[in-house]
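Visitor: I am new to this structure and should like to understand the terms applied to it. May I put some questions to you as we look?

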Amino acid sequence: MGHLFVRIAGSFSLAAALAFPAVAATSDWQVDPAHSAAQFAVKHLAISTVRGAFTKVQGTVQFDSQDITKSSVDVTIDTGSVDTREPNRDKDLRSDHFFDVEHFPTITFKSKKVEKIADGKLRITGDLTIRGVTKEAVLDVDGPSAPIKDPWGNQRMGVNATTKINRKDFGVGVNYGSAMIGEDISITIDAEVFQKSK
């Protein structure tokens, strides 16, 4: 009887392990603010490109190593961290003419769908919220890179994501025409995510 119980218990354990592979494969990762940024580029007077960045980016990634399409991303950007290397322009960008940092201190992106396009290529669809306006946005992603271990024993991966939005869809700079400031904004996110050693 004892041997029978051991065999039954062993069979149940094996069945449970096979039934829940995704649970074991999913892990939580944090965006490393010190090694991440969201850059943007916009046309000025239709002749030149002005570039800037939001230097304070944080967020979480739920990464499924067995089925990456079951992964999810949640990112928050501090709008007050906007930096175009021109203090007067940055002050204007923080004002209610553009990002209205006082009332809308963050930009957020929450994924809804992750698609694998090819090895090392993803398409992530999610809700992008700027100035309290939420629109669907699609990120084209290179990565994630294969995990590596840093000198402190943490696991790290890198990703690069790009998208393009129309600023007026989010109420940004609506009083400025496209002849002055381009409506299409190209966005590039370079992020390093880490998982602390246990």
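Visitor: What makes the space of about 340 Å³ a cavity?
Guide: In this predicted model, the largest cavity has a volume of about 340 Å³. It is called a cavity because a 1.4 Å probe fits there but cannot get out. A search of the whole structure finds one cavity of 30 Å³ or more.

Visitor: Which residues line the largest cavity, and which elements supply them?
Guide: The lining consists of 22 residues, with V61, V73, I124, V141 and V159 nearest the centre. Elements giving two or more residues to this lining include β4 (57-64), β5 (72-78), β8 (121-130) and β9 (133-142).

Visitor: How do you know how many lining residues of the largest cavity are nonpolar, polar or charged?
Guide: Val and Ile, for instance, count as nonpolar, whereas Asp, Glu, Lys and Arg count as charged. By these classes the lining of the largest cavity has 20 nonpolar, two polar and no charged residues.

Visitor: Why is the space of about 650 Å³ called a pocket?
Guide: The largest pocket holds about 650 Å³ of space. A pocket is an open set of points, so the term cavity does not apply to it. Its lining has 33 residues, and F40, V42, L93, F99 and I185 are the closest to its centre. Strand β2 (residues 37-44) contributes the most to that lining, with six residues. By class, the pocket lining has 24 nonpolar, five polar and four charged residues.

Visitor: What makes a residue buried, and what share of the protein is buried?
Guide: A residue is buried if its relative accessible area is under 20%. Of the 198 residues of the protein, 36% count as buried.

Terms used. Residues numbered from 1 in each chain as written. Predicted model: local features only at pLDDT ≥ 70, side-chain atom pairs only at ≥ 80, totals over all residues. Heavy atoms only, no water. Buried < 20%, exposed > 50% of the residue type's maximum accessible area, 1.4 Å probe, protein only. 1 Å grid on protein atoms, 1.4 Å probe; cavity = no way out; pocket = protein on both sides within 12 Å on 5 of 7 lines; lining within 4 Å. Points joined across faces, edges and corners; volume = space filled by probe spheres on them. Helix = DSSP H or I, 4+ residues; strand = E, 2+ residues; numbered from the N terminus.
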